[in-house]
Amino acid sequence: MSKEHAWPQWMGRGVEVGPTQTTWSVRYGRTAENELTEYPNVVSKKQGSVLTTRIREVCQNCNNGWMSQLENSVKPLLERLWQPNYVFGRTAIGVDDAAVLAAWAAKTAWIRERASQGRVTPTAEMRRRLMDTQMPPGFTRVWIARHTGRANFDANVCRLQTTHQDDSWDTERRRNILVCTLTFRGLSILVRTDDDWGVPEMHPPEDQWRRFWPTARAVQWPTARPVTDGDVQDVAMWHDWVRHPDVPIFNRAPEHTATTRH
């Protein structure tokens, strides 16, 4: 295994970020037929800039092979998106370039999930397809927004398990879903990956979030309105596209928040 930077180093050139990193973890789930339970929130603080963080989740062959090629391919596309101005006020991203952006976003979101939670939503077949084709696999959706706010080089990782939309709550047929937002240099990228079919689609506000994948035509950029820090958190954590159980009891976590430092 090799160590890979959580954020590509070229992204951080000329940007100042804080000397510490903070991670918040929030969890809740169904614990009985008539109740949901929230687990204690955890805040983890770590010394060092997020730009220096490296994660050991990738083998050397992948890191130095197809993943490196994908980084090189996406760099000019991302730099083009975060430009402040365009000729005639707009630009268009072709289907092939949108696929490259979406593949890079999916790869980055999947690694973030593995590094933060130790779990994997995409199946082995989906991961193999991404490696072999450098194309986003099925059950993957990608949106991009302009961002304005304080967050920079920020990631929200949400993993949830839900029932198939056609089944009752106690079915054994489950679906795992990853929703990840990546915010950096005036952009915010939203990635959703399901491990199978049967969960309703997401519909982020179209005037803020432009869908880059799947797409059958060139993508017009930029969007009409930017997203704020609050918008990014809402789309990553509040799932209006998933039907929450209608139960009478919601057990709140203790008021104290566990804190770890390292």
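Helices and strands here are DSSP runs, numbered from the N terminus, and that numbering is what places Pro-214 in the loop between strand 10 and strand 11 (219–221). The model in these views is predicted.

**View 1. The whole chain, before we zoom in.** Five helices and 13 strands make up the secondary structure of the chain. Its C-alpha trace covers about 55 × 45 × 40 Å along the principal axes. A compact globule of 262 residues would have a radius of gyration near 18 Å, and the chain comes in at 19 Å, so the two agree. Of those 262 residues, 44% count as buried. Take the contacts with a separation of 6 or more: 72% of them join residues 24 or more positions apart. The accessible surface adds up to about 14500 Å², with 47% of that belonging to carbon and sulfur atoms.

**View 2. Helix 2 and its kink.** This helix runs over residues 66–81, and at 1.5 Å a residue its 16 residues should span 22 Å; the end C-alpha atoms sit 23 Å apart, so the span agrees. Look at Val-74 for a kink of about 35°, which comes shortly before the proline Pro-76. Val-74 is also one of the buried residues of the helix, along with Trp-66, Met-67, Leu-70, Glu-71, Leu-77, Leu-78 and Leu-81.

**View 3. Glu-38, a buried acid in strand 3.** Strand 3 takes in residues 35–47, Glu-38 among them. Buried means under 20% relative accessible area, so Glu-38, at 14%, qualifies. Where does the side chain of Glu-38 reach at 3.1 Å? It gets to the backbone nitrogen of Ala-253. Leaving aside residues up to four places away in sequence, Glu-38 touches Val-26, Arg-27 and Tyr-28, plus Phe-250, Asn-251, Arg-252 and Ala-253.

**View 4. Gln-208 and the residues around it.** Find this glutamine in the loop between strand 9 (187–194) and strand 10 (210–213). Gln-208 has a relative accessibility of 5%, so it counts as buried. Its side chain reaches the backbone oxygen of Pro-226 at 3.1 Å. Those two residues are 18 apart in sequence, while their C-alpha atoms are 5.6 Å apart in space. Pro-226 has company: with residues up to four places away in sequence set aside, Gln-208 also touches Ile-144, Ala-145, Arg-146, Thr-223, Arg-225, Val-227 and Asp-231.

**View 5. Two cis peptide bonds on either side of strand 11.** Which residues flank the cis bond with omega near -5°? They are Trp-213 and Pro-214, with Pro-214 in the loop between strand 10 and strand 11. Another cis bond links Trp-221 to Pro-222, with omega near 5°. Pro-222 is in the loop between strand 11 and helix 5 (229–237).

**View 6. Positive phi at Phe-139 and Arg-185.** Phe-139 isn't a glycine, yet its phi is positive, at about 60°. This phenylalanine lies in the loop between helix 4 (124–133) and strand 6 (140–146). Its relative accessible area is 37%, so Phe-139 is partly exposed. Arg-185, not a glycine either, has a positive phi of about 45°. The arginine falls in the loop between strand 8 (174–184) and strand 9. With 27% relative accessibility, Arg-185 counts as partly exposed.

Key. Residues numbered from 1 in each chain as written. Predicted model: local features only at pLDDT ≥ 70, side-chain atom pairs only at ≥ 80, totals over all residues. Heavy atoms only, no water. Helix = DSSP H or I, 4+ residues; strand = E, 2+ residues; numbered from the N terminus. Expected span 1.5 Å × (residues − 1). Bend = angle between axes of the 7 residues up to and from the residue. Buried < 20%, exposed > 50% of the residue type's maximum accessible area, 1.4 Å probe, protein only. Contact = heavy atoms within 4.5 Å. Polar contact = N/O pair within 3.5 Å; in protein donor to acceptor, adjacent residues only side chain to side chain. Rg over C-alpha atoms; globule rule 2.2 N^0.38 Å. Areas by Shrake-Rupley, 256 points an atom, 1.4 Å probe, with all protein chains shown as cover.
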